[in-house]
Amino acid sequence: MSEGLKTINYPVKDLARAKALFGALLGVEPYVDEAYYVGFRAPGRPEVGLDPNGHAKGLTGPVPYWYVDDIKAGLAGLVAAGAEVVQDVQDVGGGMLIASVKDADGNAVGLVQGAS
């Protein structure tokens, strides 16, 4: 089902401090630097995203987003395996789709499908 880990999103309260920390950690500048999302791409690593609205969405920790070819099928498969939908499939721009679930222990798992 999954083609690999695509992104790890962190809910953050202080976007500027988090941006400085992850910039120092990854050694790169953000490729997206907006008030609603900051994203870093470092060679050979999953994308790191900072979500200043994550806590308001109920996130308590990082969310790994796994790349899938068919997000609706992937989401249905996770629900059939016992996951609970946290965020249904949503277009976040440019045709990129995301969704997230939580497992029986409350751990978040995200899915992402690139633009077709």
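These legends describe close-up views of a predicted model.

**View 1. The largest nonpolar core has 10 residues.** Its members are Val-12, Leu-15, Ala-18, Phe-22, Leu-26, Val-38, Phe-40, Ala-42, Val-48 and Leu-50. Two or more residues come from each of helix H1 (15-26), strand S3 (37-40) and strand S4 (47-51). The most come from H1, which gives 4 residues.

**View 2. The surroundings of Val-38, a member of the largest nonpolar core.** Neighbours within four places in sequence are left aside here. Val-38 is then in contact with Leu-15, Lys-19, Pro-30, Val-32, Asp-33, Val-48, Gly-49 and Leu-50.

**View 3. A second core is separate and has 9 residues.** Among them are Ile-71, Leu-75, Leu-78 and Leu-111.

**View 4. The two sides of helix H2 (residues 71-80).** Ile-71, Gly-74, Leu-75 and Leu-78 are the buried residues of this helix. They line one face of H2, because they fall within an arc of 95 degrees when seen down the helix axis. In general, residues three or four places apart on an α-helix point the same way, because there are 3.6 residues a turn. On the other side of H2, Lys-72 and Ala-80 are exposed. The buried residues of H2 pack against four strands: S5 (63-68), S6 (84-91), S7 (97-102) and S8 (108-113).

**View 5. The two ends of helix H2.** Asp-70 caps the N-terminal end of H2. One of the side-chain oxygens of Asp-70 lies 3.2 Å from the backbone nitrogen of Lys-72. After H2 comes Gly-82, with a positive phi near 110 degrees.

How values were computed:
Residues numbered from 1 in each chain as written. Predicted model: local features only at pLDDT ≥ 70, side-chain atom pairs only at ≥ 80, totals over all residues. Heavy atoms only, no water. Core = buried A, V, L, I, M, F, W, Y, C linked by side-chain atoms within 4.5 Å. Buried < 20%, exposed > 50% of the residue type's maximum accessible area, 1.4 Å probe, protein only. Contact = heavy atoms within 4.5 Å. Arc of directions from axis to C-beta. Polar contact = N/O pair within 3.5 Å; in protein donor to acceptor, adjacent residues only side chain to side chain.
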